[in-house]
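This report is written for a reader who is meeting the structure for the first time. Please keep the sequence and the model in view while reading the sections that follow.

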Amino acid sequence: MDLQNQIQETNVLIERRLEELVELRNRNVEAFAYSFEDIVSSVDIKENYVEGEARTVSVAGRIMALRRMGKASFASIQDEQDRIQIYLKKDELGDAYENFKLMDIGDIIGAKGFVFKTKTGETSVHVQELTLLTKSLRPIPIAKESIDENGNKIIHDQFADKELRYRQRYVDLIVNHEVKDTFRKRSQIITAMRTFLDSNGIMEVETPVLQSLYGGASARPFVTHHNALDVPFYLRIADELYLKRLIVGGFQAVYEISKDFRNEGMDKTHNPEFTMMEVYVAYKDYIWMMEFVENMFAHIAQNVFGSLKFKFDEHEIDFTPPWNRISMVDAIKEKTGASVLDLSDSELTELAKKNGVEITGKQSRGKIIDELFDITVQSSLIQPTFITEYPIETSPLAKKHRDKPGIVERFEGFVAGREICNAFSELNDPIDQKGRFMDQMKAREMGDDEAQQIDEDFVRALEYGMPPTAGLGIGIDRLVMLLTNQISIRDVIFFPQMKPEKSV
């Protein structure tokens, strides 16, 4: 069926439902009720059915299937958790049964009755009172099933178009009921993370979303305007600099779970609006933070999924500590045979070109090493792995390595070829920090529009003294993707960013 015919058919169905609405109102039936009390879930009813027990329950949900048979009818209604069948008889319900004839798939109803099992063994509710709660004016796309000659189930007219599912998530949640489970797991993952952080004595805080100067990461911001102050403001790209100000102020351990915003492209692992968790702990370093990350991820996996092993794509991932640990230099050497820190600039450029890195002339030496790692190493990091010791040019907020020149005390965690966390021994030398900011400004002048700006107030905060500190950032969306076996970030965000919908 082409689009125009679909639109015409939909309009006919909407018109019929509007006619039903008028008739219901003529019968003094409230089509948009105010409440319905004492609801029992479908799962509760089915799990707690006792043969012979006359249990009376109230159920509410959306009609998802209808089978009318003149003087009796069956319907399947769907609540948040599952579906349950209801049975209605004309001679018991009277006018309510006649009103039921004006109800459709998609309508939300409430029913009160007793629980029984049909001859086929299906736990159902024999309806004694029926209430229309919401009349659905637009038909929902219900998939139809058939069985082919080989006994295979075929689904027709399934609401499967990815763009429509993301744009109309409310319909996706109605008709693709299993999608709810991914988002339940998302909520449980965040709860488990909070529990772990709270139990370790780390305080949850809130910092500004609107900032007069963005920082804490290398990214382009979204720009807005503050009318009263008549100045530009930015949606934050990270929480880091404000959280470290709190460490300066005397808090020993703080974290924030927040929405951040980066004005970048969209793909399977990037959405302009995303959820981050950042944590900062005084008197610790990045080595301590590695063990902290291992324990936190193990806690989340065990508490949400009951196991430290789980499936992602074709891989079985094991979160059991300790994770693999290897420096970026050694990881690249394993793949290319070259120790990048020992190469001259021209030798490094040649190695990068040979391995597919596009050289623009604007990249710093550290940026080239980072891109070389992305191409040659990252996709091979399937089991949880910490990549350590990054080039100083790509890590302007991390402390210089205590023993090795040219690199910093930083690690990123990788699982299934994807980065899932980033951590530093935080730079607390204000003179060094000011110099790093200046280097970033030079990179910006050379054309790197993601280079960081100079935050003079943050430098001033460091001049008052920040204790040795370990910091960590985790992308919540990517973690949820990993643990729920989702390939696209849009499948773990209720309402991902989309192009404006075109008028039809």
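## A hairpin of two strands

In this predicted model, the hairpin made by strands β14 and β15 leaves 2 residues between the strands, and Asp313 in this hairpin takes a positive phi near 55°. The two strands, β14 with residues 309-312 and β15 with residues 315-318, are paired in the antiparallel sense over 4 bridges. Within that pairing, Phe310 has Ile317 of β15 as its bridge partner.

The side chains of β14 alternate along the strand: Phe310 and Phe312 point to one face and are buried, whereas Lys309 and Lys311 point to the other face and are not buried.

## A small open sheet

Elsewhere, an open sheet of 3 strands follows the order β9-β11-β10, and its pairing is antiparallel. Its edge strands are β9 (210-211) and β10 (223-226), each of which pairs on one side only. Strand β11, which covers residues 231-235, runs antiparallel to β9 and is joined to it by 2 bridges, and Gln211 stands opposite Tyr234 of β11.

## The nonpolar cores

The largest nonpolar core holds 49 residues, and those that touch the most other members are Met277, Met296, Phe319 and Leu472. Helix α9, spanning residues 286-305, supplies the largest share of this core, with 11 residues. A second core, separate from this one, has 37 residues, among them Val205, Ala352, Ala398 and Val408.

Which residues are in contact with Met296, once its neighbours within four places in sequence are left aside? They are Met193, Phe196, Leu197, Met277, Leu472 and Ile474, and of these contacts Met277 and Leu472 are also named with Met296 among the core residues that touch the most other members.

## A covered helix and a surface patch

Helix α15, which runs over residues 476-484, is mostly covered, since 8 of its 9 residues are buried. The buried residues are Ile476, Asp477, Leu479, Val480, Met481, Leu482, Leu483 and Thr484. Just after this helix, Asn485 takes a positive phi of about 60°.

On the surface, by contrast, Tyr170, Phe494 and Phe495 form a nonpolar patch, and together these residues have about 350 Å² of accessible area. Of the residues in the patch, Tyr170 is found in helix α6, which comprises residues 169-175.

Notes
Residues numbered from 1 in each chain as written. Predicted model: local features only at pLDDT ≥ 70, side-chain atom pairs only at ≥ 80, totals over all residues. Heavy atoms only, no water. Buried < 20%, exposed > 50% of the residue type's maximum accessible area, 1.4 Å probe, protein only. Patch = residues over 30% accessible without salt bridge, like charges linked within 9 Å, V, L, I, M, F, W, Y side chains within 5 Å. Areas by Shrake-Rupley, 256 points an atom, 1.4 Å probe, with all protein chains shown as cover. Salt bridge = Lys/Arg side-chain N within 4 Å of Asp/Glu carboxyl O. Pairing = 2+ DSSP bridges. Core = buried A, V, L, I, M, F, W, Y, C linked by side-chain atoms within 4.5 Å. Contact = heavy atoms within 4.5 Å.
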